[in-house]
Amino acid sequence: MGVIRFDNVGRVFGSKAKPFVALKDINLEVSNKEFVAIVGPSGCGKTTCLRLVAGFDFPSSGRVLVDETEIRRPRPERAVVFQQFALFPWKTVYANIELGLRNQNVARAEREDRIRQILELMNLEPYRDHFPHQLSGGMQQRVAIARAYVLDPEVLLMDEPFGALDAQTRVVMQEELVRLARRNPRTVLFITHAVEEAVYLADRVAIMTRAPGRIKEVLDVRSIREAEKWDSYEKIEDVMDLESFVHLRTHIWRSLREEKAAAAA
Amino acid sequence: MPKRIDFTRSLVLGLGGLIAFLGLWYGLSASGIVPPLFLPTPFEVLDRFIDLLDRRFAGATLPAHLAASFERFAYGFLLAAIVGIPLGLLMGWFRILDEIVSPIFDGLRFIAPIAWVPFAALWFGTGIGGPILIIFAGAFPPCVINAYRGAKFVDPRLIEAANMLGTPNRRVITEILLPASVPSIISGLRVSAGLGWQSLVGAELIVASTGVGYMMVQGQANLSTTTVMSGMIAIGLVGLALDTALRFAERLIERRRGMET
Ligand SMILES: Nc1ncnc2c1ncn2[C@@H]1O[C@H](COP(=O)(O)OP(=O)(O)OP(=O)(O)O)[C@@H](O)[C@H]1O
Ligand SMILES: [Mg+2]
């Protein structure tokens, strides 16, 4: 299982005298094995939402539930891919990926097996004994994804995981993620600035307003994807040319544009 | 290329400073401005230093005195590191321990190591325990403080990552806090070795019957200023060697992590 539910969630930072409302009345349900992307202007509270689900932070009001249980602390069943990778600099690629498995007392032989598989899947085998600083940003990002994926988590939380990548690497990673998601579907909460990325990857896209962050609109991409058979296209650029894709993308753009205009006014 | 020039430059300047210092010293003592008994010339001191390498004074040769001192130092310093580093890391991780220990620690660390001499003498007589206690008093605080700082200022994202991976406390300390704190711990050890080595000689001036400090006291009693200065030079050289070794270790670790600057 892996159902995430935001139940009237609010999060206020700052002091009593000078409160800052980061999130207000957030209601959202992500069903089991669903891929939901959150888009919104910078500073609207996307990362804050993700941290609440990870168990790094707690709501000021309302509740965040996973499988109807309130979240109390971080758990490996809710694996996080951090925007800035957060790899352990003194551990090799292998050791970084291995830590979570060791924590679960997985036997050495099985650890080797699972890590070998994930390294292969992410095209990282040649780098298993490298340290993070010896890798490019794209490879580090893949290690961070592998470290989360190897735990076979119920829920995958990704905070702009491709933000640091150049356009080409980004496309490769997006295709890889789709491949992974098909092979082994998980509940995913995915934050991004890139509208195309959200539409390409997600079943649903939630659009947030600028601070105080609320959910303005949730778009169902999946029904359109299925109706228009996006999955029959091999390449991301072929999907991006489809009228149905362009239409959705433009809709989200407009919505975000309004937010920008509102911020300027 | 620029690195090489910098190195040559600092070598030349350093040597220049040393020569100027020796020249001034020589001028002062050779001209008779300062009586030779109070300040022997650099050459007399060097003569005495070489002489002491194989002649016994106060019961042993200079190398033997140094060895005795170094042994005490090593015990005190290692004890300080073995107790201090884990304590610092634990204080950095468990808030409650921090709150219990910090006030006591902050009070005690301002007491100069030499102030422990009366107790060292009282508790241990002239045995090895006394000097070890004094060295420990000097070397312990920097070990604790730097391990603590290292643990406190670990990138919080790495802690979050470790928590998210389900890492138990014990493992967070040994596999995250400790390695993350290594640079801080090593610079702590450098300070610690310096203070420990300084306190050692202070301690030996008072509670020992071997060691460089003891040799210096005996030199003073015999009005042999050259012996005292030979001791000072030996102390300086060993201190420098210790610091160089630790700095080398620091570099090595930084390089391995790719944090070379
Ligand atoms: N720990 C905190 N203390 C105080 N304010 C915070 C804290 N964390 C976040 N905020 C504030 O809450 C707001 C939302 O932050 P958040 O990081 O969630 O934004 P975001 O949508 O992820 O932005 P970006 O797209 O730039 O990453 C910001 O204005 C931020 O300054
Ligand atoms: Mg963010």
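Select strand S9 of chain A, residues 204-208, in this predicted model. Four of the five residues of S9(A) are buried, so the strand is largely enclosed by the rest of the structure. Next, add strand S3 of chain A, residues 35-39. S3(A) and S9(A) run parallel and are joined by four bridges. To view one of the paired positions, display Val39(A) together with Ile207(A), its bridge partner in S9(A).

Now extend the selection to strand S10 of chain A, residues 215-220. Here the pairing with S9(A) is antiparallel, over five bridges. Six residues lie between S9(A) and S10(A), and the two strands form a hairpin. Within this pair, Val205(A) stands opposite Leu219(A) of S10(A).

Move on to a second group of strands in chain A. Select S2, S1, S4 and S5, which form an open sheet in that order, with antiparallel pairing. The edges of this sheet are S2(A), residues 19-30, and S5(A), residues 69-70, each of which pairs on one side only. Then restrict the view to S1(A), residues 4-14, and S4(A), residues 61-66, where five bridges join the antiparallel strands. Showing Ile4(A) and Val66(A) reveals a facing pair, since Val66(A) in S4(A) is the residue opposite Ile4(A).

The next stop is the nonpolar interior. The largest nonpolar core comprises 136 residues, and those that touch the most other members are Phe6(A), Phe88(A), Ile97(A), Ile145(A), Phe190(A) and Ile252(A). To see the element that gives the most to this core, select helix H8 of chain B, residues 169-207, which supplies ten residues. Apart from this core lies another, of six residues, including Val117(B), Ala120(B), Ala203(B) and Val207(B).

Return to Ile97(A) and display its surroundings. Leaving aside residues up to four places away in sequence, Ile97(A) touches Ile115(A), Ile118(A), Leu119(A), Val143(A), Ala146(A), Arg147(A) and Val150(A).

Then centre on Thr92(A), in the loop between strand S6 (78-81) and helix H2 (93-103) of chain A. Is Thr92(A) buried or exposed? Its relative accessibility is 18%, below the 20% cut-off, so Thr92(A) counts as buried. A polar atom of the Thr92(A) side chain lies 3.1 Å from the backbone nitrogen of Ala95(A). With residues up to four places away in sequence again excluded, Thr92(A) touches Arg128(A), Asp129(A), His130(A) and Phe131(A).

Finally, colour the two chains separately and turn to the contact between them. Chain B contributes 19 residues and chain A 24 residues. The size of an interface is often given as the accessible area lost when the parts come together. Between chain B and chain A, the buried area is about 1900 Å², and carbon and sulfur atoms give 63% of it. On the chain B side, select Glu160(B), Met164(B) and Leu165(B), which supply 35% of the area that chain B buries against chain A, more than any other three residues.

The polar side of this contact merits a separate view. Eight residue pairs are in polar contact between chain B and chain A, both residues being at pLDDT 80 or more, and the count of salt bridges is three. One salt bridge to display is formed by Glu175(B) and Arg102(A), whose closest N and O atoms are 2.5 Å apart. The elements giving two or more residues to the side of chain B that touches chain A are helix H7 (156-164) and H8 of chain B. H7(B) provides the largest share of that side, seven residues.

Terms used:
Residues numbered from 1 in each chain as written. Chains lettered and ligands numbered in written order. Predicted model: local features only at pLDDT ≥ 70, side-chain atom pairs only at ≥ 80, totals over all residues. Heavy atoms only, no water. Buried < 20%, exposed > 50% of the residue type's maximum accessible area, 1.4 Å probe, protein only. Pairing = 2+ DSSP bridges. Core = buried A, V, L, I, M, F, W, Y, C linked by side-chain atoms within 4.5 Å. Contact = heavy atoms within 4.5 Å. Buried area = accessible area lost by both parts, 1.4 Å probe. Salt bridge = Lys/Arg side-chain N within 4 Å of Asp/Glu carboxyl O. Polar contact = N/O pair within 3.5 Å; in protein donor to acceptor, adjacent residues only side chain to side chain.
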